[in-house]
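Got the model open in your viewer? Grab your selection tool and follow along, one stop after another.

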Amino acid sequence: MTDKAAAARDERYMRIALGLAARGLGNTWPNPTVGCVIVRDDRIVGRGWTRVGGRPHAETEALLQAGEAARGATAYVTLEPCSHHGRTPPCAEALIEAGVARCVVSLEDPDSRVAGKGLAMLREAGIVVTEGCLANMAAELNAGFLLSREQGRPLVTLKLAVSLDGRIGAHTGDSKWITNPASRRRTHLLRAHHDAIMVGSNTALQDDPELTCRLPGLPRRPPVRIVLDGRLRLSLTAKVIVTARDIPTWLITRSDVDPTRRDAFRDCGVEVIAVDADAAGFPDLPQALAVLAERGLTRVLVEGGGKLAASLIRADLVDRMIWFRAPSVIGGDGLPAIAGFGIDTVAEAPRWRRVRADILGDDLLETFVRPI
């Protein structure tokens, strides 16, 4: 087989492994989502992906399915097999014991406990290791995990549902529904692919949202619900509070809030996270995101409102933007999707790169990423 044909074969099987890894999005934190395919004689004999909560690992699942057929086979793994002992033995060790002859890996794991050690372990055991296969695709899939390890914060995706003139509601606060049912279903799928959903206190007070993933036939680990509420203004009868014992609910507030009020939320099953206040008196966003990463979150979907969106953009903390646009016009007295954040000239405006556009009935869905 020529080098070109061999590379094409590797990419074909790695695409399958990446597709498997994508099944774990939103389910595997604090671990990355990984896919693994075991191939012998150009036939897949085992496949697996990281399961809910990060266990079992993809390699363990694939090797269990392959059994003795793994001996002499090639393993395609989207992220470097782990080399440290945690709740389970190292995956690199499992591949060695299974007798795998070759391992194709997309990315080196940036976690300091691994960071090349798994690949070294495989090579020392005589396994042929090929790195970098579809590395860009693997990096995009696990962008949240990579950010959490390299920058100490989760990936932040800002989702907005707006009218043609960029409004998220009427001047009365009414916002249901700007977009159509197809767009709302897509929003629920977005929720399922993130570890957590975050809103500001104004949105929580105005809309009283459930912040849950409600798609039929999609039993998944529920995303953590996060409300940024610097003064703990949220009502104890809000939907996210009364259901906090069933669905993880976190409130991010200032460290100087009334302890009696704080304890009342904790008595409802809410996890209250205190951070410093910024210059404007709001919870410090970089510190809040750092705390979320420390707690294992890798992907956060921000759904509102305009002030929180503006604060995140101003702090250069938005990595992805999901922009649903409906064919309606609300007018200048409507609620802006993004509040003012001090731009004096057009040249100062932050820019994103559009990577995808989808038509959902009469709505337009655009996906943007922040240029590197």
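Start in β2, where Gly46 is the bridge partner of Ile38. Before going further, know that this is a predicted model, in which local features need pLDDT of at least 70, side-chain atom pairs count only at pLDDT 80 or more, and totals for chains, interfaces and linings use all residues. Residues are numbered from 1 along each chain as its sequence is written, and side-chain values use heavy atoms, with hydrogens and water left out. Helices (H or I, at least four residues) and strands (E, at least two) are DSSP runs, numbered from the N terminus.

**Stop 1: the hairpin and its sheet**

Now select β1 and β2 together. They pair in the antiparallel sense over six bridges; two strands count as paired if DSSP finds at least two bridges between them. The two strands form a hairpin with two residues between them, and Asp41 in the turn has a positive phi of about 55°.

Is β1 enclosed or open? Five of the six residues of β1 (residues 35–40) are buried, so the strand is largely enclosed by the rest of the structure. Buried here means under 20% relative accessible area, exposed means over 50%, and partly exposed is in between (1.4 Å probe, protein chains only).

Add β3 (residues 74–79) to the selection: β1 pairs with β3 too, antiparallel, over four bridges. Look for Val39, which stands opposite Thr74 in β3.

Zoom out to see the open sheet of five strands, ordered β2-β1-β3-β4-β5, with mixed pairing. At the edges are β2 (43–49) and β5 (128–131), each pairing on one side only. From one strand to the next, the twist averages 15°. Axes are lines fitted to C-alpha atoms, for helices over the stretch in contact, and angles run from 0 to 180 degrees between N-to-C directions.

Next, pick β4 (residues 102–107), which runs parallel to β5 and is joined to β5 by four bridges. Cys103 sits opposite Val129 in β5.

**Stop 2: three helices**

Select α2 (residues 58–66) and α3 (residues 91–98). Their axes come within 9 Å and cross at roughly 20°. That makes α2 roughly parallel to α3; the label covers angles under 35 degrees, with over 145 roughly antiparallel, 65 to 115 roughly perpendicular and the rest oblique. The crossing of α2 and α3 is left-handed, meaning the near helix is turned anticlockwise from the far one by less than a right angle (clockwise would be right-handed).

Show side chains: Glu59, Thr60 and Leu63 of α2 meet Cys91, Ala94, Leu95 and Ala98 of α3. Contact means heavy atoms within 4.5 Å.

Keep α3 and add α4 (117–124). The α3 and α4 axes are 9 Å apart, at an angle of about 20°, and the two helices are therefore roughly parallel to each other. The crossing of α3 and α4 is right-handed. Ala92, Glu93, Leu95 and Ile96 of α3 make the contact with Gly118, Met121 and Leu122 of α4.

**Stop 3: Asp111**

Where is Asp111? Look in the loop between β4 and α4. Asp111 is buried, with a relative accessible area of 7%. Leaving aside neighbours within four places in sequence, Asp111 is in contact with Phe145 and Arg149.

**Stop 4: the nine-stranded sheet**

Move on to an open sheet of nine strands, ordered β11-β10-β9-β8-β12-β6-β13-β16-β15, again with mixed pairing. The edges are β11 and β15 (353–360); each has a single partner strand, so one side of each is left without a neighbour in the sheet. Ignoring direction, neighbouring strands are turned by 20° against each other on average.

Pick out β6 (residues 155–162) and β12 (residues 299–302), a parallel pair with four bridges. Leu155 has Arg299 of β12 as its bridge partner. Now show α11: this helix packs on the sheet, touching β6, β8, β9, β10, β11 and β12, and its direction makes about 135° with that of β11.

**Stop 5: Pro283**

Finish in the loop between β11 (271–275) and α11 (285–294), where you'll find Pro283. Its relative accessibility is 4%, so Pro283 counts as buried. Which residues does Pro283 touch, not counting those up to four places away in sequence? They are Leu228, Gly230, Ile252, Thr253, Arg254, Val275, Asp276 and Asp278. For a last distance, Pro283 and Ser255 are 28 residues apart in sequence and 8.6 Å apart in space, C-alpha to C-alpha.
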